[in-house]
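Visitor: I am new to this structure and would like to learn how to read its features one at a time. Could you take me through them slowly, with the general idea first and the case at hand afterwards?

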Amino acid sequence: MTNDEGNTLEFYRSIESVRSTCNKVYDGRLESGKNETQYFHIDMDNMAKVRDNLIDIIGRDYKQLSDIPVHGRWQHLNCGGVDRIGQLLSAWEVEKVDSIEVCRRLVDLITFSVLIDAGAGSTWRFTEGETKIGRSEGLAVASFYMFESGSLSADGTHKVHGSKLSEFTKQDFDEAFQISSKNTLQGYEGRIELIKSLGRSLLSSSDIFGEDGRPGNMIDYLFKLNNSNELELPQVWNTLMSGYTQIWPAGRLSFNGEPLGDCWEYKKEDNTSFIVCFHKLTQWLCYSLLRPLEEFGHKFIIKSKDLQTGLPEYRNGGLFIDFGVLSLKEEYHKAGVNNSTEYGYDSSIPTFTPESGVIVEWRCLTIGLLDKLLPMVNEKLNATLKLSQLIEAGTWKAGREIAAKLRPKTGGPPINLHSDGTVF
């Protein structure tokens, strides 16, 4: 029985739904001293180790805390110390592209890059010159070259058009992402369909994306909402949620026949259940669009940004497992290892599908633990870092670094996700 009385489609698609529903799983257990949830053992004493590790990383990588940017795709597009976005900006300046169009183009690029950014797996690499780049950064660089070449637009320019994406083929994908029998990408089929669905969404929401179906046209829509450059974050959020409703795969959770996206059923031990919302890719997109929206074009002033949560994905979540805050209960660890054998993964790492209780609970706990970690770090640093800065400077990076140390062969997470390439 699903216990969701009184909730609405509008609620489940809201940014507020993420903390609200995840807290039903988090449920104060960690603060109240309980040492277990349904699927995990918990040792909150190890949170101090996580905090101290983050402080070390922040001190290593940033001379001043004010240098820490909002977590976003911009940094991934410029990975490896290569200012790829700067190269585009310089070229557009020579072409005398106005600031509004520059903002549209950046939104075009970042939107496409974020929405193809679900986990790539541990084996795929994108080759740039002599450099092989994996995981999220590899996907970012691949998307950059697609955009730069004009292959995402209907007219070969630095734009993204829904008409082009809706006709995307396997051949297009294989060429752009350098797919081969020796360079396979996790979630291959689902990722191609996501690109085509993105194209259809752009074309079907002309009120937001214009007649030519460009993600960047949303800046004109946003300006008209208040007839000014001042916005509340939920206005940006609702624009993204309503504009990209169609991108989610068939068969996902729905409410009154409408797709919810990255929402899942959480079944409790008493056989009751409720819906939990994450909206990870939309949150990642919303975070990533803040920089172009605030620095270019209309230079929007966006309020209430703290409504966004930490991102419930394997690097942030893996951090808490690898430092011993969370540990999977033995019976579920064994079940996960059996899944790994069935799916053909490394049998030393447990594997689960996105709808499994283990993954849903792990993601909920990740959001709750990130909220708890932020004041711990700020108190030790005597700082006022925002959650988005903590993710950028610390948790995302720390999760990857500890994974590489503990699992040097793959650098992968402590729990594998058997996914279709559209979750995380």
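Guide: Let us begin with the naming of elements: helices (H or I, at least four residues) and strands (E, at least two) are DSSP runs, numbered from the N terminus. Residues are numbered from 1 along each chain as its sequence is written, and side-chain values use heavy atoms, with hydrogens and water left out. The model is a predicted one, in which local features need pLDDT of at least 70 and side-chain atom pairs count only at pLDDT 80 or more, while totals for chains, interfaces and linings use all residues.

Visitor: How should I read empty space, and how many cavities of 30 Å³ or more does a search of the whole structure find?

Guide: Rolling a probe the size of a water molecule over the atoms shows where empty space is left. On a 1 Å grid over the protein atoms alone, a cavity is a set of points where a 1.4 Å probe fits but cannot get out, whereas a pocket is an open set with protein on both sides within 12 Å along at least five of seven lines, and lining residues have an atom within 4 Å of a point. Grid points are joined across faces, edges and corners, and a volume is the space filled by probe spheres set on the points. Here the search of the whole structure gives 4 cavities of 30 Å³ or more, and the largest cavity holds about 70 Å³ of space.

Visitor: Which residues lie nearest the centre of the largest cavity, and which helix supplies the largest share of its lining?

Guide: The lining of the largest cavity has 13 residues, and those nearest its centre are Tyr314, Arg315, Gly399, Ala403 and Gly411. Helix H15 (314–322) and helix H18 (387–406) each contribute at least two residues to this lining, the largest share being the 4 residues from H15. For residue character, Ala, Val, Leu, Ile, Met, Phe, Trp, Tyr, Cys and Pro count as nonpolar, Asp, Glu, Lys and Arg as charged, and the others, Gly among them, as polar. The lining of the largest cavity then divides into 4 nonpolar, 4 polar and 5 charged residues.

Visitor: What volume does the second largest pocket have, and which helix gives the most to its lining?

Guide: The volume of the second largest pocket is about 280 Å³. It is lined by 19 residues, with Val70, Tyr287, Leu290, Lys305 and Ser388 closest to its centre. At least two lining residues of this pocket come from each of helix H4 (73–77), helix H14 (280–295) and H18, and H14 gives the most, with 6 residues. By character, the lining of this pocket divides into 6 nonpolar, 7 polar and 6 charged residues.

Visitor: How many salt bridges does the count come to, and which parts of the chain does the pair of Asp61 and Lys397 tie together?

Guide: A salt bridge is a side-chain nitrogen of Lys or Arg within 4 Å of a carboxyl oxygen of Asp or Glu, and by this rule the count comes to 26. Asp61 forms one of them with Lys397, the closest N and O atoms being 2.8 Å apart. Asp61 lies in helix H3 and Lys397 in helix H18, so the pair ties together parts that are 336 residues apart in sequence. Another salt bridge joins Asp52 to Lys380, with the closest N and O atoms 3.2 Å apart; this pair links distant parts of the chain, Asp52 in helix H3 (residues 47–61) and Lys380 in helix H17 (residues 357–381), 328 residues apart.

Visitor: Are Glu101 and Arg104 buried or exposed?

Guide: Buried means under 20% relative accessible area, exposed over 50%, and partly exposed in between (1.4 Å probe, protein chains only). Both Glu101 and Arg104 are buried, and their side chains meet in a salt bridge (3.0 Å, N to O). Asp61, by contrast, counts as partly exposed at 32% relative accessibility, and Lys397 counts as partly exposed at 22%.

Visitor: What describes a pair of aromatic rings?

Guide: Such a pair is described by the distance of the centres and the angle of the planes. Rings of Phe, Tyr and Trp (its six-membered ring) pair if their centres lie within 6.5 Å, and planes under 30 degrees apart count as stacked, over 60 as edge-to-face and the rest as tilted. The structure holds 13 aromatic pairs; one of them, formed by Phe209 and Tyr244, is tilted, at 5.0 Å centre to centre with 35° between the planes.
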